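Thanks, everyone. I'll walk you through one structure this morning, helix by helix and then pair by pair. Here it is on the screen.

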Amino acid sequence: MSFWHYIDPIDRWLIWHVNQAWGNPVFDFLMPFLRETATWLPLYLFLILFVIINFGIRGLWWVIAFLLTVASADLISGQVVKPLVMRMRPCQDVVVGQQLRFFIKY
């Protein structure tokens, strides 16, 4: 048996509890806004400008290193790890997906 065979029941239990049993009206309203990129863009721009203004050329190098780190982590997780794992997301599972509440329309 594979590793995922043992993890699957725990994963199904956890996603159901996080989505259903542990629901909170405040977070149900707030979280869809907090996951949007546009919500966080002003903060990111402020932090970049703050670092560059306060640390000059050294801060620019920090920003470049941070952006390269984020880009490489995204590339490795999306193009290397995800195909190696070959695991469907629980929300796309036929059985589990019908039991979940979706707050964002795709």
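Start with helix α1, which bends by about 30° at P9. Keep in mind that this is a predicted model.

So how far does α1 reach from its first C-alpha to its last? The answer is 27 Å, for 19 residues. That is close to the 27 Å expected at 1.5 Å a residue.

Now, which residues of α1 are buried? They are D11, H17 and N19. Y6 also sits in α1. Y6 is exposed, because its relative accessible area is 53% and the cut-off for exposed is over 50%. One distance for Y6: its C-alpha lies 16 Å from that of R89. Those two residues are 83 apart along the chain.

Next, helix α3. It has 49 residues. A straight helix of that length would reach 72 Å at 1.5 Å a residue. The end C-alpha atoms of α3 are only 27 Å apart. Look for the kink: about 140°, centred on G56.

The buried residues of α3 are V51, G59 and V63. F46 belongs to α3 too. F46 is also part of a nonpolar surface patch of about 770 Å². Its other members are W40, L41, L43, Y44, L45, L47 and F50. Just after α3 comes M86, with a positive phi of about 50°.

On to charges. Side chains of opposite charge can pair when their charged atoms come close. How many salt bridges does the structure hold? Five. I'll go through three.

The first on my list is D8 with R12. Their closest N and O atoms are 2.8 Å apart. Both residues lie in α1, residues 3-21. They are four residues apart, about one turn of the helix. D8 has 26% relative accessibility, so D8 counts as partly exposed. R12, at 29%, is partly exposed as well.

Next, R87 and D11. Their side chains meet in a salt bridge at 2.4 Å, N to O. This pair links distant parts of the chain, 76 residues apart. R87 is in the loop between α3 (37-85) and α4 (94-97), while D11 is in helix α1. Is D11 buried or exposed? Buried: its relative accessible area is 19%, and the cut-off is under 20%. R87 counts as partly exposed, at 30% relative accessibility.

Then R101 and D28. That salt bridge is 3.1 Å, N to O. R101 lies in the segment after α4, and D28 in helix α2, residues 25-34, so the pair ties together parts that are 73 residues apart in sequence. Both ends are partly exposed: R101 has a relative accessible area of 30%, and D28 has 23%.

One more point on the charges. Which residues are joined into one network by salt bridges that share partners? D8, R12 and D93.

To recap, take three things away. Helix α1 bends by about 30° at P9. Helix α3 has a kink of about 140° centred on G56. And R87 with D11 links distant parts of the chain. Happy to go back to any of these on the screen.

Technical notes
Residues numbered from 1 in each chain as written. Predicted model: local features only at pLDDT ≥ 70, side-chain atom pairs only at ≥ 80, totals over all residues. Heavy atoms only, no water. Salt bridge = Lys/Arg side-chain N within 4 Å of Asp/Glu carboxyl O. Helix = DSSP H or I, 4+ residues; strand = E, 2+ residues; numbered from the N terminus. Buried < 20%, exposed > 50% of the residue type's maximum accessible area, 1.4 Å probe, protein only. Patch = residues over 30% accessible without salt bridge, like charges linked within 9 Å, V, L, I, M, F, W, Y side chains within 5 Å. Areas by Shrake-Rupley, 256 points an atom, 1.4 Å probe, with all protein chains shown as cover. Expected span 1.5 Å × (residues − 1). Bend = angle between axes of the 7 residues up to and from the residue.
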